[in-house]
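Please open the structure in your viewer and have its selection tool ready. The tour below proceeds one selection at a time.

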Amino acid sequence: MAGIERRRTGDVVEVVLNRPEVKNAFNAELITDLARAFTEIAKDETVRVVVLRSEGNVFCAGADLNWMKECAGYSFEQNREDARRVAQMFRIINECPHPVIGRVQGAAYGGGAGVVAVCDIVVASTEATFGFTEVKVGLIPAVVSPFVIRKIGEGNARRFFLTGEILPADAALFIGLVHHVTDAANLDGEIRRLTELLLKNSPQAVRDIKKLVRAESGLGLDQALPLCADAIAKIRVSPEGQEGLRAFLEKRAPLWKRAASS
């Protein structure tokens with residue numbers, strides 16, 4: 001795929017934005033390829049962890065300049081259809097059944113910050129910066145907003161969408177856009193540590209947790225509690241749920257943990 005690479009090591013797949021010459025910026029082709037890559041990965045139950053990363057010293061600078069020039073000549077209908085394709089890409093990453101770790105080594109602006117928002121776990125270098133910079137060029141972060149607001153909350157979104165200011169990594173950590181900040185030299189080590197933690201866990205439970213969190217978002221207690229009861233009942237009678245309980249009672253490693261370490 002042009003602009004996208006996939007690298008697999010055992011149960012772990014890396015999806016790599018590989019357009020460093022344009023700061024890994026989005027164009028129509030990259031959006032299509034990224035959506036296709038995550039669609040295919042989602043169907044592969046042998047995948048346990050996905051790492052989303054990029055080449056070069058910029059994570060993703062947002063929209064490609066040439067693509068922006070092209071969009072400037074679109075009609076309203078063409079712009080709406082284009083925006084729907086971009087939104088679908090973010091949704092596909094957001095709903096990937098496997099845990100997605102974002103590795104952010106540099107600037108993540110506009111749509112790049114949106115990619116950060118749809119990762120489950122985000123590790124950022126101390127050199128990384130973040131910004132919802134659309135307002136600076138007369139635009140709004142509309143397509144990424146459903147995902148970003150759920151990640152950082154309405155109050156933070158109001159401020160940073162309006163100002164378009166650039167956030168250093170520690171500020172992004174404070175508002176919940178990222179989860180870990182580390183020196184550039186330790187970035188891959190932290191990714192490995194988190195990957196190893198995830199590989200110790202039940203694959204089915206991990207997938208069900210992701211679905212549960214999405215389903216509960218925005219629900220009141222009257223709606224959430226029956227959903228939770230159904231979810232735990234279902235996993236308790238599942239093969240992995242039964243195996244996990246037996247392994248715990250028998251004081252041994254569950255089968256998935258032994259498989260991941262073999």
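**A tour from strand to core**

Begin by selecting R8 and V13: R8 stands opposite V13, which belongs to strand 2. Please bear in mind throughout that the model is predicted.

Next, extend the selection to the strands around this pair. Strand 1 (residues 4-9) and strand 2 run antiparallel and are joined by 6 bridges. Together, strand 1 and strand 2 form a hairpin, with 2 residues between them. Select G10 in the turn of this hairpin, where phi is positive, at about 60 degrees.

Now select strand 2 by itself, residues 12-17. Is this strand mostly covered or mostly uncovered? Strand 2 is mostly covered, since 5 of its 6 residues are buried.

Add strand 3, residues 49-54, to the view. Strand 2 pairs with strand 3 in the parallel sense, over 6 bridges. Here V13 may be selected again, as V13 stands opposite V50 in strand 3. What do strand 2, helix 1 and strand 3 make? They make a β-α-β unit, and this unit is right-handed.

Proceed to the largest nonpolar core, which has 52 residues. Select L34, F38 and F130, the residues with the most contacts inside this core. Helix 1, spanning residues 28-42, gives the most to the core, with 7 residues. Apart from the largest core lies another core, of 11 residues. To locate this other core, select V12, I101, I121 and L199, which are among its residues.

Note on methods
Residues numbered from 1 in each chain as written. Predicted model: local features only at pLDDT ≥ 70, side-chain atom pairs only at ≥ 80, totals over all residues. Heavy atoms only, no water. Core = buried A, V, L, I, M, F, W, Y, C linked by side-chain atoms within 4.5 Å. Buried < 20%, exposed > 50% of the residue type's maximum accessible area, 1.4 Å probe, protein only. Helix = DSSP H or I, 4+ residues; strand = E, 2+ residues; numbered from the N terminus. Pairing = 2+ DSSP bridges. Right-handed = clockwise from strand over helix to strand, strands pointing away.
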